[in-house]
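Reader: I am new to this structure and would like to learn how to read it. Where should I begin?

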Amino acid sequence: FAGSSLAVYLFGYQVHEKQILLPLIPISLLVTDYPLAALEFSGIAAFSIFPLLSRERSVLAYLSLQLLVCVAVDVVYDYGRAPQGHVAAVCGSAAGAALIHGLYVFAPRIPR
């Protein structure tokens, strides 16, 4: 179920930001078996609904959720047994998200 709903979200023509919550529900049930994958996916899902949360003025809740996910990943993740490029991928995605959020905060707005 999670795979098909994620495919609809990724390859759909017109999707809403909230549609990422549909594959997040079954993936979050896998947190006991695959904690790192479930936590990383929840962080990515929250990142994808950031435009919706910023319009609703819920940025503080978003940032606290992302901080909680980062702490949980750091607790769960065993850096000594990590695959070769996995740490670089996780750090790269976090740096990319921070860059995009920095651009959102500091870039000038285009008037409508």
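Author: Begin with contact, which means heavy atoms within 4.5 Å. Among contacts here between residues at least 6 apart in sequence, 51% join residues at least 24 apart. This is a predicted model, in which local features need pLDDT of at least 70, side-chain atom pairs count only at pLDDT 80 or more, and totals for chains, interfaces and linings use all residues. Residues are numbered from 1 along each chain as its sequence is written, and side-chain values use heavy atoms, with hydrogens and water left out.

Reader: How many helices and strands are there in the protein?

Author: Helices (H or I, at least four residues) and strands (E, at least two) are DSSP runs, numbered from the N terminus. The protein has six helices and zero strands, so its elements run α-α-α-α-α-α from the N terminus on.

Reader: How do I read a single helix, such as α3?

Author: Compare its span with the expected one, which is 1.5 Å times one less than its number of residues. With 14 residues, α3 reaches 20 Å from its first C-alpha to its last, close to the 20 Å expected.

Reader: Which residues of α3 are buried?

Author: Buried means under 20% relative accessible area, exposed over 50%, and partly exposed in between (1.4 Å probe, protein chains only). In α3 the buried residues are L36, A38, L39, F41, S42, G43, A45, A46 and S48. Across the protein, buried residues make up 25% of the 112 residues.

Reader: Why is H101 classed as buried and L65 as partly exposed?

Author: H101 has a relative accessible area of 16%, so it is buried, whereas L65 is partly exposed because its value is 40%. H101 is found in helix α6 (residues 86–106). Leaving aside neighbours within four places in sequence, H101 is in contact with F47, F50 and Y62. L65 lies in helix α5 (residues 59–76), and its C-alpha is 9.5 Å from that of S42, 23 residues apart along the chain.

Reader: Which residues form the largest nonpolar core?

Author: In soluble globular proteins, nonpolar side chains tend to be buried together. A nonpolar core is a set of buried Ala, Val, Leu, Ile, Met, Phe, Trp, Tyr and Cys residues joined through side-chain atoms within 4.5 Å. The largest one here has seven residues: I20, L24, I27, A38, F41, A45 and I49. Helices α2 (21–28) and α3 (35–48) each supply at least two residues of this core, and α3 gives the most, with three.
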